[in-house]
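Q: Please give me a close look at a single part of this model. Start with how it is put together, and then add what surrounds the metals.

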Amino acid sequence: MKNSEGLCRAIREEGLIIQLLDGELPPTEEHKVLTHLRTCHECLGLTADLLYTDERLKLMFARQEERQDQVQKKKPGTRFLLEVDKLPIGKNVDRDLLDEDGTLLIAAGTELTQKIIDRLKARGIEKLAIEPTDVDSEDTQEQIEAPGADLKQLETYLAESGPEPVVSQFVRHQCCKTLENSFKSLEEDGILDLGEVHEGAQQVTEEVLSRPQLTMTLADLILVDPSLHAHATNVLILFLMIARAIGHPAQLIRDHATSALLHDVGRIVLRRTSTVSGIAKSTENEDLEHTEAGYSYLWNLGGINESALKMVMNHHEKYDGSGYPRGLKGTMLSDWDQILILANTYDNLTWNRETGVRSGFHKALQVLIQDGSKYVRKGVIRAVVQTLGHYPPGTWVRMNNGEIGLVTRAHPGSPLKPQVSLFYDQSGRRHSRPRSIDLTHNQNAYITGSVQVRTTA
Ligand SMILES: [Fe+2]
Ligand SMILES: [Fe+2]
């Protein structure tokens, strides 16, 4: 095994990270590489270029830490066993697969290939064990009671002392308010002032385009308001950030912004029709018909280019053809369609209908990473990960010293090292004032995992 310097060279020149992620390293070597990555941030930084590697590395780190902490192995009886011959080739495993002694062989998120199966067989491994779900499952992950973690208070905190947002609070709320008034006027009087909506969308767009040094923050999203206009404003901001990350020309981004903001206008059009006709439409029908209704309405209004109009029509389509209204698939969906599909899907996934607030940011991103190819091509998912990091703003995380904090800003080049506001100490007591740390500037602090916070007043 190589020394530290040799490891640095092997990681940079020989693709040791790829072997690590492909499960090709023996357990002892894997342990050494992971230990090295914990302290060598230059090597860790290199992995940021590799699509999806950070999530797998994170899981490997967590597993390693858990092993070091607990030492003792879980009882064999608590695991399910899978036959190697029956593993589904081409599928991504959603939980770590171990040998019968509890050594990690295939990390969660790895795509099962014939090569991996052949390698297991060559090592005489016929069965794999699955860890019990209490470690990996997002649903059963660590939960903490956090008085004061109320999202309204968070919004105040973010406005007063959070990270500088990409889109200023004034411009964001003005855009949201303009859309609210426009939707109201459309529903009540059948009139939409497209010029005003366009103005609101362009102001947001100019701020995103003119501040390329600033990255996604939690303060860029409207957290508490469950309304359609707040959702649309969030979707516009996500849309712009993803399009910027992909590198689309500024003028084309401007040309598509108004449509992104108006992507759900068809819902208001249908509600107006119901009001006029006196025939109420079911929520299900509104869901199914709003994309075409929005497209037709904006087409008749004029002033929006065809590519931007099609985004409105296609924002519930999916890359695998399982979306609606027309079941378009693959390259039948433009890049703009796909960016809007993901921006809209992400915001919808973070929306908790039971509590009436936006949460579950980390879980929503996991869904996109695992199932994203259903929705869009991989390059767009990569741009989303780049925009949001692996711990998207809004994710509650536990640090390696036990403190609990909220991710407030993503760093595209360092997805595992966002900016975090630390709210709670190791024993769950709230700090009198949150302390903000930027993990890219702090070599010793790192995130050990996300936590669910039960928000109480
Ligand atoms: Fe929609
Ligand atoms: Fe939507």
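The sheet, then the iron pair

A: Strand 9 and strand 10 run antiparallel and are joined by five bridges. Strands pair if DSSP finds at least two bridges between them. Strands (E, at least two residues) and helices (H or I, at least four) are DSSP runs, numbered from the N terminus. This is a predicted model: local features need pLDDT of at least 70, side-chain atom pairs need 80 or more, and totals for chains, interfaces and linings use all residues. Residues are numbered from 1 along each chain as written, chains are lettered from A and ligands numbered from 1 in written order, and side-chain values use heavy atoms, without hydrogens or water.

Within the strand 9 and strand 10 pair, V407 has V420 as its bridge partner in strand 10. Strand 9 covers residues 404-409. Six of its six residues are buried (under 20% relative accessible area, 1.4 Å probe, protein chains only; exposed is over 50%, partly exposed in between).

Now go to strand 8, residues 396-399. Strand 8 also pairs with strand 9 in the antiparallel sense, over three bridges. W396 is matched there with L406 in strand 9. Four residues lie between strand 8 and strand 9, and the two strands form a hairpin. In its turn, G402 has a positive phi of about 95°.

Strand 10 spans residues 419-424. Strand 10 pairs with strand 11 over five bridges, again antiparallel. Y424 finds its bridge partner, R430, in strand 11.

Put the pieces together. The five strands make an open sheet, ordered 11-10-9-8-12, with antiparallel pairing. Strand 11 (430-438) and strand 12 (447-450) are the edges, and each pairs on one side only.

Next, the metals. Iron ion (ligand 1) takes its donors (N, O or S atoms within 2.8 Å of the metal, 3.2 Å for Na, K and Ca; water is not among the atoms, so sites may look incomplete) from D264 (OD), H290 (NE2), H315 (NE2) and H316 (NE2). These donors lie at 2.1 to 2.3 Å. Along the sequence, the donor residues of ligand 1 are spaced D-x25-H-x24-H-H. The pair H290 and H315 links distant parts of the chain, 25 residues apart. H290 sits in helix 14 (residues 283-301), and H315 in the loop between helix 15 and helix 16. Both H290 and H315 are buried.

Iron ion (ligand 2) has its own set of protein donors: H231 (NE2), H263 (NE2), D264 (OD) and N344 (OD1). They lie 2.2 to 2.3 Å from the ion. Their spacing along the chain is H-x31-H-D-x79-N. H263 and D264 are both buried. D264 coordinates both iron ions, which are 3.6 Å apart.

Last, helix 12, residues 250-261. Its buried residues are I253, H256, A257, T258, S259, A260 and L261. What covers them (contact: heavy atoms within 4.5 Å) includes helix 9 (169-189), helix 10 (194-210), helix 11 (228-246), helix 15 (306-314) and helix 16 (335-350).

Key
Expected span 1.5 Å × (residues − 1).
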